[in-house]
Amino acid sequence: MANIQVSSCITGMIDNNTYCVINKDTNECIITDPSFNPDVIVNMINESGAAPTAVLLTHGHFDHIMSVDFLREMYHIPAVSYADEKELITNVSLNHSDKFGRHKVTVEPDIYVNDGDILNYAGMNIKVIHTPGHTSGSCCFFIDNNPNPILLSGDTLFRGTHGRTDFETSSYEDMKHSLKRLFELPPNTLVLPGHGSPTTIEYEKGHNIIISEL
């Protein structure tokens, strides 16, 4: 079992969570969904004392990718995205940076992944779980750090609710299927969402708004 710690910061107009997941055994980390204010994110990384090894993206909406290129260039690390998100993440209309952001932004990921892939960054095994619903290429990253597993859920699963399903590549039916799949993870899994407070799979199976429809 790795000695894993998590730091986070909240930035931007939509209070995005950017996470720094640190393996204290290797003194390395991964960064997820780097949003606005790269200086705040860099400060979080510096305070961790860990060396970044990759940027993992749960989906391609503008508020989750604003600082990707800044971090890639600063730390010389790859950006990783789900394969089905390629069209959205490279299109300012689909990623909504032409509508809501002050700066139009796209990202060309270095690595595209698929469902079930096992990544190894910062000495951690990280499983890719395809969770369409919020976007067609949304995914979650599951770190099976027994007895303390972690799920980086992006905008798929929030405390008590789930991500919006009214965007161009969204699907409510897909969201229900994705959440049903996530609810099969260990009950004590710590869920780190893209917005809002952390939660657990156990809590969501008893309290999430979608439960009655599954």
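Me: Two strands count as paired if DSSP finds at least two bridges between them. In this predicted model, what makes β5 and β6 a pair?

Reply: Strand β5 (residues 79-82) and β6 are joined by three bridges, and the threshold is at least two, so the two strands pair. The sense of the pairing is parallel. As for individual residues, S81 has Y112 in β6 as its bridge partner.

Me: What sheet do these strands belong to, and why are β1 and β6 called its edges?

Reply: The sheet is open and has six strands, ordered β1-β2-β3-β4-β5-β6, with mixed pairing. Strands β1 (4-11) and β6 (111-113) each have a single partner strand, so one side of each lacks a neighbour in the sheet. Neighbouring strands are turned against each other by 25° on average, with direction ignored.

Me: Which strands does helix α2 lie across?

Reply: Helix α2 (residues 68-75) lies across β3 (28-32), β4 (51-56) and β5. Its direction is at about 145° to β4.

Me: Why are α1 and α2 called oblique to each other?

Reply: Two packed helices are described by the angle between their axes and the distance between the axes. Here the axes of α1 (residues 38-48) and α2 come within 10 Å and cross at roughly 45°. Roughly parallel requires an angle under 35 degrees, and roughly perpendicular covers 65 to 115. The value fits neither range, and the pair is therefore oblique. The crossing is right-handed.

Me: Which residues make this contact, and how are they divided by class?

Reply: From α1 come P38, I41, V42, I45 and N46, and from α2 come F70, L71, M74 and Y75. Eight are nonpolar, one is polar and none is charged. Tyr and Pro count as nonpolar, so Y75 and P38 fall in that class.

Me: How do you know whether the chain is compact or extended for its length?

Reply: The radius of gyration is 16 Å and the globule rule gives 17 Å for 214 residues; the two are close, so the chain is as compact as a globular protein of that length. The C-alpha trace spans about 45 × 45 × 30 Å along its principal axes. The chain contains five helices and 14 strands.

Me: What makes H96 and the bond from N146 to P147 worth listing?

Reply: Most residues other than glycine have a negative phi, and most peptide bonds are trans. H96, in the loop between α3 (86-89) and β6, is not a glycine, yet its phi is positive at about 70°. The peptide bond from N146 to P147 is cis, with omega near 5°. P147 sits in the loop between β9 (139-143) and β10 (150-154).

Key:
Residues are numbered from 1 along each chain as its sequence is written. This is a predicted model: local features need pLDDT of at least 70, side-chain atom pairs count only at pLDDT 80 or more; totals for chains, interfaces and linings use all residues. Side-chain values use heavy atoms; hydrogens and water are left out. Helices (H or I, at least four residues) and strands (E, at least two) are DSSP runs, numbered from the N terminus. Axes are lines fitted to C-alpha atoms, for helices over the stretch in contact, and angles run from 0 to 180 degrees between N-to-C directions. Contact means heavy atoms within 4.5 Å. Angles under 35 degrees count as roughly parallel, over 145 as roughly antiparallel, 65 to 115 as roughly perpendicular and the rest as oblique. A crossing is left-handed if the near helix is turned anticlockwise from the far one by less than a right angle, and right-handed if clockwise. The radius of gyration is taken over C-alpha atoms; the globule rule is 2.2 Å times the number of residues to the power 0.38.
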